[in-house]
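This report describes the fold, the helix contacts and selected residues of one protein chain. The sequence and the structure are shown first, and the description follows.

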Amino acid sequence: MNAWLHFSRGDYLLFQAWRPSSNGAIIGANIAIFTFSILERWLASWRRFQERRWRTRARALVLKNRSASSPPTTPAAEGGKFEGSGEGVAEVPASNQTAQRDARRATPRLISPFILSHDIPRGTLHAIQSAFSYTLMLVIMTFNAGYILSVILGLGVGEIMFGRMERTHDAIMVI
């Protein structure tokens with residue numbers, strides 16, 4: 001293995017058994033690397049699509065839980081006290097507690113809630129995408145300029161094909 005950019009044959013490519021040495025084998029390896037690079041960009045796009053879908057579902061779940069647990073409107077239910085004096089009972093609101101609770105509700109939610117059915121697939125997709133990226137990095141580390149060009153061109157073509165799909169800019173979950 002040469003530690004400089006080169007176009008020579010016979011470099012090991014990821015596995016000991018994959019050592020393209022003929023012109024046809026090198027062309028096939030370059031096509032495989034190019035396709036793998038496009039797949040990495042497709043996976044990144046699909047992951048963004050899924051992230052948006054999961055974020056929408058999480059917002060709906062939070063809003064559903066918030067409306068289901070909305071507090072009653074009486075001051076006693078909001079932390080007030082009942083004060084009795086022989087004849088009747090009067091409610092005294094706990095304005096400090098109510099103000100704190102209202103301030104918490106007014107603050108936007110910055111982190112989605114933990115939802116097992118969203119977070120396990122999200123972590124799995126991240127792991128797979130990382131494996132793709134590290135595999136491409138190992139191809140680059142062969143210093144074979146043909147392989148490097150295949151990776152760069154494949155990532156560029158993949159971004160052209162899939163980069164515009166489901167690009168989301170709203171990273172903060174506001175509810």
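## Basis and overall fold

Helices here are DSSP runs of H or I of at least four residues, and they are numbered from the N terminus. By that definition, M137 lies in helix 3. The model is a predicted one.

The secondary structure comprises four helices and two strands. In sequence order these elements follow the pattern α-β-β-α-α-α. The protein has 175 residues, of which 27% are buried. Among contacts with a sequence separation of 6 or more, 70% join residues that are 24 or more positions apart.

## Contact of helix 1 with helix 4

How do helix 1 and helix 4 cross? Their axes come within 7 Å, at an angle of roughly 35 degrees, and the crossing is right-handed. Helix 4 spans residues 145–162.

On the helix 1 side, the contact includes A29, N30, I33, F34, S37, I38 and E40. R41, W42, S45 and R48 of helix 1 also take part. Their partners in helix 4 include G146, Y147, S150, V151, L153 and G154, together with L155, V157, G158, E159, M161 and F162. By class, this contact has twelve nonpolar, seven polar and four charged residues.

## Contact of helix 3 with helix 4

Helix 3 also packs against helix 4, with the axes 8 Å apart and an angle of about 145 degrees. Helix 3 contributes L136, V139 and I140, while helix 4 contributes Y147, I148, V151 and L155. The residues of this contact comprise seven nonpolar, no polar and no charged ones.

Y147, V151 and L155 of helix 4 are listed in the contact with helix 1 and in the contact with helix 3.

## E40 in helix 1

Is E40 of helix 1 buried or exposed? Its relative accessibility is 4%, so E40 counts as buried, the cut-off being under 20%. Leaving aside residues up to four places away in sequence, E40 touches Q129, F132, S133, L136 and L155.

E40 is also one of the helix 1 residues in the contact with helix 4. The C-alpha atoms of E40 and G158 are separated by 7.7 Å, although these residues are 118 positions apart along the chain.

## Aromatic pairs and a charge over a ring

The structure contains two aromatic pairs. In one of them, F36 and F132 are stacked, with 4.5 Å between ring centres and 10 degrees between the planes. F36 belongs to helix 1 (residues 23–68) and F132 to helix 3 (residues 116–140), so this pair ties together parts that are 96 residues apart in sequence. F36 is partly exposed, with a relative accessible area of 25%.

Why does the pair of W42 and W46 count as stacked? The ring planes lie at 5 degrees, which is under the 30 degrees that define stacking, and the centres are 5.9 Å apart, which is within the 6.5 Å limit for a pair. W42 and W46 are four residues apart in helix 1, so about one helical turn separates them. W42 is partly exposed, at a relative accessible area of 39%, and W46 is partly exposed at 35%.

A further arrangement involves a charged side chain: the charged end of R19 sits over the ring of Y12, at 4.4 Å from the ring centre.

## M137 and residues with positive phi

M137, in helix 3, is partly exposed, with a relative accessible area of 37%. The C-alpha atoms of M137 and I148 are 9.4 Å apart, and the two residues are eleven positions apart along the chain. I148 is one of the helix 4 residues in the contact with helix 3.

Which phi values are positive in residues other than glycine? L14 has a phi near 70 degrees, and F143 has one of about 65 degrees. L14 is located in the segment before helix 1, whereas F143 is in the loop between helix 3 and helix 4. L14 is partly exposed at 36% relative accessibility, and F143 is partly exposed at 32%.

Note on methods. Residues are numbered from 1 along each chain as its sequence is written. This is a predicted model: local features need pLDDT of at least 70, side-chain atom pairs count only at pLDDT 80 or more; totals for chains, interfaces and linings use all residues. Side-chain values use heavy atoms; hydrogens and water are left out. Rings of Phe, Tyr and Trp (its six-membered ring) pair if their centres lie within 6.5 Å; planes under 30 degrees apart count as stacked, over 60 as edge-to-face and the rest as tilted. Buried means under 20% relative accessible area, exposed over 50%, partly exposed in between (1.4 Å probe, protein chains only). A charge sits over a ring if NZ of Lys or CZ of Arg is within 6 Å of the ring centre and within 35 degrees of the ring normal. Axes are lines fitted to C-alpha atoms, for helices over the stretch in contact, and angles run from 0 to 180 degrees between N-to-C directions. A crossing is left-handed if the near helix is turned anticlockwise from the far one by less than a right angle, and right-handed if clockwise. Contact means heavy atoms within 4.5 Å. Ala, Val, Leu, Ile, Met, Phe, Trp, Tyr, Cys and Pro count as nonpolar, Asp, Glu, Lys and Arg as charged, and the others, Gly among them, as polar.
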